[in-house]
Structure formats: structure tokens, C-alpha cells
Amino acid sequence: MLDIRTIRRDFPILEQSIYGKPLIYFDNAATTQKPRCVVEKIEQGYYSVNANVHRGVHFLSQAATEAHENARKTVQQFLNAPSSNEIIFTRGTTEAINLVASSFIEGCMMPGDEILISAMEHHSNIVPWQIQAARKGITIKVIPLTETGELDMDVYRALFSERTRLVSVVHISNVLGTVNPVKEVIEIAHQHDVPVLIDGAQAVPHLNVDVQDLDADFYTFSGHKIYGPTGIGVLYGKASWLDKMPPYQGGGEMISTVSFEKTTFNELPYKFEAGTPDYIGSTALAEALKYVSALGLEKIAAYEDELLTYATHQLNAIEGMRIFGHAAHKSSVISFLVGHIHHYDMGMLLDRLGIAVRTGHHCAQPLMHLLGIEGTVRASFSFYNTKEEIDTFIKGIEKVCQMF
Ligand code: PLP
């Protein structure tokens, strides 16, 4: 069992009051709060080891390089990746997907080829493909969803053609909370010799992810959604694919030799890391991964499932409640609307009670369109949330309903 009271002490921001009410932070799918150890790591990085990495012979540069490369190893272990050369630091999930969209389409696709994505994707797993696809004449096909908000696996199987070159799907939907059967998705694609990118932005904070067990070809996540800093994220890619892909950006670090006639590129992972990397961010991210690992992802998942069940049960008892997403396997994200109350009104009034929820389309406009709505209210839980907070949240919704 997790000791939530003790855990909450690691997150000073949770002690705040908003409009005189204790803060209830249910916007964890947008970003998570940071434990002391992560913030202290950033402070320690700047105060004690700050120097540019990889280029210096002096003590501090070597210490910073060692910290940065150790962080890469921590990420490798966290994802159970075969090699730390397959871990590329990016600004986040969005940049990681843009990198693959740009370099994979450039290096591994021809006009007329096809990519499969799903109807529940975040804009960051739609738009990068659209931009690059338009440049090269690539077709994007969309895997539809079932009534319960799960991938329609029969249609998925049928969407493969001779021209399918890549599948890119989300591990956990940031709107529906659906946990997709990504191992099966990958297995099916591999039967067609098609690689798969998994957008793990919402998955790594809640589940144990083992990229070797999944046999994922690419896996992406963002530091800020897993209790780490903003501006740092990860692309895991199999070396066999990354080696075939041209660099994403040019600059320092990513080269081996440069002349005006010809430039040769560095080896993995540096080929994809142009410019000074966020070495303070990488070490703080590693600290966050260690923090989460020490709590135990199985325990985190079990507790968050408990919160999900508890909240879903109480929400369902509210008159006019519509929850979007009824997958058999769901993560701790609940999107809903009540009666005709606009999601912004609900969000703003809950905010006045100190409750932070997200409202809007959640960067998933095609999914909103499919659901026939403009947006939802979304509550997303973390291991530092409590059932008492959910009780207050439910009372808050009831109060808003009475006002309308
Ligand atoms: N994918 C999913 C499923 C997300 O929920 C998000 C962020 O909400 C992203 C991708 C984009 O992450 P970031 O903005 O950190 O790059």
C-alpha cells in the first residue's frame, strides 16, 4: 500500500489553498506536479555541476556529461530498452513524434505509401504525420473506435495493404482513458513487417512499460507528465530503424566531421540530438523516474485504479451524467458532461471551489467530432490524490448542477 499522506509531503504545491479552498489537483493528464527531489536536482544541477556537456576537458563539463549520460541509462532501464544508444532526448512527446514523422517518412517511405493512426489520437500524433505526408504524397488511414471507445481491432487488421509502412497509436487515450492493447497492435503490424510507434505520454506515469516485451519500434513520452521537468522527453527507437533514418535537425553534437563539401553524421543517439541538450532536464527526469520506480508502478496502478472506480461510481449517480469512454481497461482519466452544462462553466465553477480540472477538446478535435461534442470536463488522477478529494469534487459538481 502507498502511504499517500507521506507521499503528499513530497509535493509542496499540494499544500496550497485556491480561493481559500484546499487545492484539489485533478489535471494530471495535462501535467503532473513535481516532487521535492526533482526540483532539488534542478537546483543542484545549476548550482554545482552546470557546464556544457560532451565538449569540455574540464572537471565540470565531464561531471555534467556523466550525469547526462547516466540519465540516459536510467531511461533505458526504466523502459527496459536494449541499449542507451536507442534513447534520444527530445523536448517531449510532440518533438519525438515530429522527429519520427520527418525522418522516417524521408528515409523509409515513398509517395503512395500509407500510415495508420487511430481516431483517438492527440493532435501531436496526427498533425506531424499530416505535415510530412503532404510533402511526400503519403496517405493517412484512421483506425475507427468501437462504442466503448476502444480500437476496432477487426477494422485495424483489414486496413493493412501492400503500401502500409508505419502504424502510430496512443498507448493510453488522454480523453477516454482507454488502455490500448498495444502489444497486440504491434504483433499484427509485425506480421506485415510494419513498424509501430507508440505514443506513451499518458502511459508511462501509470503502467510498467517494457519496450522489449511490447516489441515497440518507437516509443515516446514527456518528462512533465511523469513528475519530471517540462521541456524534456524521450524517443526510444530500435537502432535498426534509427540507423536508416536521416537526421532530424542539423547543428552541433549531431555531426562527426563537417566541411563545406561534405558532412558526416555522429552515431546514435547523438545523430538525432542537434545542439546543446537539456542536460539539467535529463538528470531531473532521471530523478523523477527513480522516484516513481521507488514507489512502484504496480502499486501506483492499483491505487489509481481504485480512485478511478471510486470516482466513476459516484459520478454515475449524478443525474444527467455522461461519461465518455467505457473501455474494459481504463486508466485514471474521466471525461464527462452533465446535462446541458457547458464544460467551461463546469470547469470555472469547480475552480472557484479549488478544484483543477481540464475543459475543452483536449487536443483531440477529431475525437470530439466523432463523439459529436465540442469538449468535455476531464478529471485525471495521480497517486497523490485521495478519495476525500473525490468526495469534495462530487459535491462540487452537485453544487454546480443545482446552480443550473
Ligand atoms: N500524446 C498524448 C496522448 C498526450 O496526452 C499529450 C499531451 O497531453 C501529448 C501526446 C503531447 O505531449 P507534450 O505536449 O508533452 O509533447
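Two helices count as roughly antiparallel when the angle between their axes is over 145 degrees. That cut-off decides the case of helix 2 and helix 10 in this predicted model. The axes of helix 2 (residues 36–48) and helix 10 (residues 279–295) cross at roughly 150°. Helix 2 and helix 10 are therefore roughly antiparallel. Their axes come within 9 Å. The crossing of helix 2 past helix 10 is right-handed.

Which residues make the contact between these helices? Helix 2 contributes C37, V38, K41, I42, G45 and Y46. From helix 10 come I280, T283, A284, E287, A288 and Y291. By character, eight of the contact residues are nonpolar, two are polar and two are charged.

Now step back to the whole protein. Its secondary structure comes to 14 helices and 17 strands. The C-alpha trace spans about 70 × 55 × 35 Å along the principal axes. How does the radius of gyration fit a compact globule? For 404 residues, such a globule would have a value near 22 Å. The protein has 22 Å, so the two agree. Buried residues make up 55% of the 404 residues. Contacts also link distant parts of the sequence. Of the contacts with a separation of 6 or more, 71% join residues 24 or more positions apart.

Two loop residues show local detail. Start with H54. It lies in the loop between helix 2 and helix 3 (59–79). Is H54 buried, partly exposed or exposed? Its relative accessibility is 29%, so H54 counts as partly exposed; the partly exposed class runs between 20% and 50%. Beyond residues up to four places away in sequence, H54 touches S61, T65, H68, E69, E253 and Y270. P277 gives a separate distance for H54. H54 and P277 are 223 residues apart along the chain, yet their C-alpha atoms are separated by 9.8 Å.

The second residue is S332. It sits in the loop between strand 13 (321–324) and strand 14 (333–338). Is S332 buried or exposed? At 2% relative accessibility, S332 counts as buried, because buried means under 20%. Which residues does S332 contact, leaving aside neighbours within four places in sequence? They are H206, E304, L308, A379, S380 and F381.

Set the two loop residues side by side. H54 is partly exposed, whereas S332 is buried. H54 follows helix 2 in a loop that leads to helix 3, while S332 lies in a loop between two strands.

Key. Residues numbered from 1 in each chain as written. Predicted model: local features only at pLDDT ≥ 70, side-chain atom pairs only at ≥ 80, totals over all residues. Heavy atoms only, no water. Axes fitted to C-alpha atoms, helices over the stretch in contact; angles between N-to-C directions. Helix = DSSP H or I, 4+ residues; strand = E, 2+ residues; numbered from the N terminus. Parallel < 35°, antiparallel > 145°, perpendicular 65-115°, else oblique. Left-handed = near helix turned anticlockwise from the far one by under 90°. Contact = heavy atoms within 4.5 Å. Nonpolar A, V, L, I, M, F, W, Y, C, P; charged D, E, K, R; others polar. Rg over C-alpha atoms; globule rule 2.2 N^0.38 Å. Buried < 20%, exposed > 50% of the residue type's maximum accessible area, 1.4 Å probe, protein only.
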